[in-house]
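Colleague: Before I take this chain to the bench, I would like to understand the words used to describe it. Could you set each term against its cut-off for me?

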Amino acid sequence: MRSRIKLLGTALVAAALTALAAIAAPTPASAAALTQVTNFGANPSNLQMYLYVPNTVAPRPGLLVAVHYCTGSGPAFYSGTQYAALADRYGYIVIYPSVTRSSKCFDVSSPQALRRDGGSDPVGIKSMVDYVRARYPVDPNRIFATGTSSGAMMTNVLLGDYPDVFAAGAAFAGVPFGCFATTDGSEWNSQCANGQVTKTAQQWGDLVRNAYPGYTGKRPRMQLWHGTNDETLRFPNFGEEVKQWTNVQGLSQTPTFTDTPQAGYTRTRYGGSGGTAPVEAISMQGVTHNLPVDAAQAIRFFGLDAPPTTTPPPTTAPPTTPPPTTPPPTTTPPPTTPPVPTTTPPTPFPPTPTTPGPGAECRIAYTVNAWNTGLTTAITITTLRDTGINGWNLAFTLPAGQTITSGWNATYSPTSGAVTATNVSYNGSIPPGGSVSIGFQANHTGNTAKPPFFTLNGSPCAVV
């Protein structure tokens with residue numbers, strides 16, 4: 001088993017380093033730091049907690065639990081993935097749980113781990129979430145989990161044990177909830193790892209439902225990633241995960257949307273065609289267990305990719321005493337100089353306006369959050385064409401004095417004047433009525449106005 005665990009870990013170390021190089025995030029003027037937190041609450045398996053709070057926190061921040069691979073650690077997953085850099089951009093908070101047992105694998109096998117409040121690692125991770133919620137005005141509807149390999153398996157477990165806590169998960173190279181179950185104390189289940197555990201969708205769904213008997217509330221959305229040549233957690237596990245989470249959501253296993261976001265990738269969505277469908281599954285042709293972790297796409301699926309308003313975070317490090325008995329604050333802390341907006345970032349997919357404009361083939365929602373010499377924008381592009389779009393560019397003219405310094409989910413050229421934003425590899429296809437969200441940060445000299453008009457692939461757009 002130890003050799004398998006070592007393989008599981010070393011493969012994912014390389015994957016994490018690949019992911020780190022995949023996106024360039026702007027460096028904050030004074031970088032936030034990863035902080036270890038002790039005495040965070042019930043912790044039956046002696047997990048360690050590491051917390052990342054960016055310098056700029058959204059008024060009602062999202063919360064992400066990022067779970068490492070076997071042989072890994074919270075600090076290694078922090079430094080080897082993009083989640084913290086994206087938190088700097090979007091203003092959410094990240095928890096990095098860290099295993100202390102010798103294997104450095106999370107417990108996704110024991111009977112205790114596979115039921116709500118049963119014990120072991122899920123209880124400790126839930127305590128970490130409660131700890132943060134007691135100290136920051138976290139939006140309870142924007143709490144998410146993601147992980148790779150052992151962390152992907154734990155993502156499945158967390159969503160099964162705590163469907164009332166987590167709104168969605170993103171599992172990179174995992175297995176279904178309950179697939180790794182053992183009764184002999186072993187952490188490793190070879191039959192599951194080799195893709196030999198198959199069940200009906202109903203049976204897989206029942207395993208999730210039985211983790212929290214009697215629960216009838218909303219179930220978390222799930223994003224799944226797997227390489228077809230995974231030699232450690234074989235590719236059949238991907239199909240079994242799809243069965244499980246479509247059944248949990250009460251959906252057909254027939255996709256409602258299929259596309260190829262990049263060469264060799266097949267993406268299917270179930271229960272919806274947009275970017276926040278109940279289940280989204282991406283298979284990666286020819287990719288092994290050492291898969292690239294596309295943190296930006298996970299953040300997009302969660303809806304955490306709206307830029308934050310510039311509410312300053314607490315100036316002191318997170319406390320290490322037990323959480324207070326008073327509930328978390330429900331109002332945004334007052335801003336300090338310079339004055340900044342305190343509105344919550346818009347959702348990625350705004351409601352359809354009643355008057356899109358005569359003859360318009362596209363719709364643009366454009367929001368500006370500005371401060372003394374800088375601003376960020378959140379732009380949602382919606383196609384109104386019956387055929388959708390495969391490859392796009394959005395043209396607009398920036399007001400005088402505005403200069404783009406960085407952007408996300410598109411390339412921008414030039415940085416001032418008449419600008420064209422062009423799709424990146426993963427978001428070039430927009431289905432009929434579908435949307436993509438992009439944005440940028442810019443300097444300004446006093447004029448924070450919006451561009452007066454937009455064209456998408458040369459066609460004028462309605463602006464809402």
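**Helix, cover and crossing**

Modeller: Just after α3, Gly91 takes a positive phi of about 85°. The model is a predicted one, in which local features need pLDDT of at least 70 and side-chain atom pairs count only at pLDDT 80 or more, while totals for chains, interfaces and linings use all residues. Residues are numbered from 1 along each chain as its sequence is written, and side-chain values use heavy atoms, with hydrogens and water left out.

Colleague: What makes α3 a helix, and how do you know how far the rest of the structure encloses it?

Modeller: A helix is a DSSP run of H or I of at least four residues and a strand a run of E of at least two, numbered from the N terminus; α3 has 8 residues, 83-90. Of these, 6 are buried, so α3 is largely enclosed by the rest of the structure. The buried residues are Tyr83, Ala84, Leu86, Ala87, Arg89 and Tyr90, where buried means under 20% relative accessible area, exposed over 50% and partly exposed in between, with a 1.4 Å probe and protein chains only.

Colleague: Why is the packing of α3 on α9 given the name it has?

Modeller: The axes of α3 and α9 (residues 295-302) lie 10 Å apart and make an angle of about 45°, with axes fitted to C-alpha atoms over the stretch in contact and angles running from 0 to 180 degrees between N-to-C directions. That makes α3 oblique to α9, because under 35 degrees counts as roughly parallel, over 145 as roughly antiparallel, 65 to 115 as roughly perpendicular and the rest as oblique. Tyr83, Leu86 and Tyr90 in α3 meet Ala295, Ala296, Ala298 and Ile299 in α9, contact meaning heavy atoms within 4.5 Å.

Colleague: How do you know that β9 pairs with β8 and with β10?

Modeller: Two strands pair if DSSP finds at least two bridges between them. There are 3 bridges between β8 (residues 257-259) and β9, and 6 between β9 and β10 (residues 279-284), so each count meets the requirement of at least two. Both pairs run antiparallel, with Thr258 the bridge partner of Thr268 and Tyr270 that of Val279. The hairpin of β8 and β9 has 5 residues between the strands, and Gly264 in its turn has a positive phi of about 85°. In β9, residues 265-270, 5 of 6 residues are buried.

Colleague: What makes β15 and β22 edge strands?

Modeller: The open sheet of 5 strands has the order β15-β19-β12-β11-β22, with mixed pairing. β15 and β22 (462-463) each have a single partner strand, so one side of each is left without a neighbour in the sheet. β22 runs parallel to β11 (residues 362-370), to which 2 bridges join it, and Ile364 stands opposite Val463.

Colleague: Why does Gln402 count as buried, although it is found in a loop?

Modeller: Gln402 is in the loop between β14 (393-397) and β15 (403-408), but its relative accessibility is 2%, so it counts as buried. Its side chain reaches the backbone oxygen of Ala449 at 2.9 Å, which falls inside the limit for a polar contact (a pair of N or O atoms within 3.5 Å, within protein one able to donate a hydrogen and the other to accept it, residues adjacent in sequence counting only if both are side-chain atoms). Beyond four places in sequence, the contacts of Gln402 include Leu375, Thr415, Asn443 and His444.
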